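Me: I'm new to this structure and would love a close look at just one part of it. Please take me through its packing, starting with the nonpolar residues.

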Amino acid sequence: MLAKTLRNGLGCMMATVDQLTRPAKTQRSAEAQAEVNARAAKMALYQFHGCPFCIKVRREMHKLNLPIQTRDVNKDPLAEQELINGGGKRTVPCLRIEHEDGTVQWMYESKDIIQYLQSQFGSL
């Protein structure tokens, strides 16, 4: 119980520091940002608010100016069930990507997610 309380408190403190120290957002033309927004609408990040790996991914999303929906699986039982049913496990962060052909990919690991986002949106 003490460990969980300490972990949650530390996570919230890290999330607050992240909010205060985020880098500037990528600036794009209105047309380019509209394209990014359309592509980002087909994604969702399953996460915990205070998870350090989730914070890293959200920080990169902010930097790349990506309006990807976040779903906190600790606070939303429906999101938790979607993650388990779709991705196969209750591990965060997990990026749900709906591709143009209708297939859905569930990407785990913050490093892989950040690398994917940079490759898809870093040059736009």
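Reply: Here is a walk through the nonpolar cores and some residues around them.

This is a predicted model, where local features need pLDDT of at least 70 and side-chain atom pairs 80 or more, while totals for chains, interfaces and linings use all residues. Residues are numbered from 1 along each chain as its sequence is written, and side-chain values use heavy atoms, without hydrogens or water.

Let's begin with the largest nonpolar core, which has 17 residues. (Such a core joins buried Ala, Val, Leu, Ile, Met, Phe, Trp, Tyr and Cys through side-chain atoms within 4.5 Å; buried means under 20% relative accessible area, with a 1.4 Å probe and protein chains only.) Met-43, Leu-66, Ile-68, Leu-95 and Leu-117 touch the most other members. At least two residues each come from α2 (30-40), β1, α3, β3 (94-98) and α5 (110-121); helices are DSSP runs (H or I) of at least four residues, strands (E) of at least two. The biggest giver is α5, with five residues.

Leu-117 shows the packing nicely: beyond neighbours within four places in sequence, Leu-117 is in contact (heavy atoms within 4.5 Å) with Met-43, Met-61, Leu-64, Leu-66, Ile-68, Leu-95 and Gly-122.

Apart from this core lies another, of eleven residues, including Phe-48, Cys-54, Val-73 and Tyr-108. Over the ring of Tyr-108 sits the charged end of Lys-89, 4.6 Å from the ring centre (the cut-offs are NZ of Lys or CZ of Arg within 6 Å of the centre and 35 degrees of the ring normal).

Phe-48 leads us to Arg-58 of helix α3 (residues 52-63). Arg-58 is in contact with Phe-48, and also with Ala-15, Arg-22, Leu-45, Gln-47, His-49 and Thr-70, leaving aside neighbours within four places in sequence. Arg-58 is itself buried, at 11% relative accessible area.

Conventions:
Buried means under 20% relative accessible area, exposed over 50%, partly exposed in between (1.4 Å probe, protein chains only).
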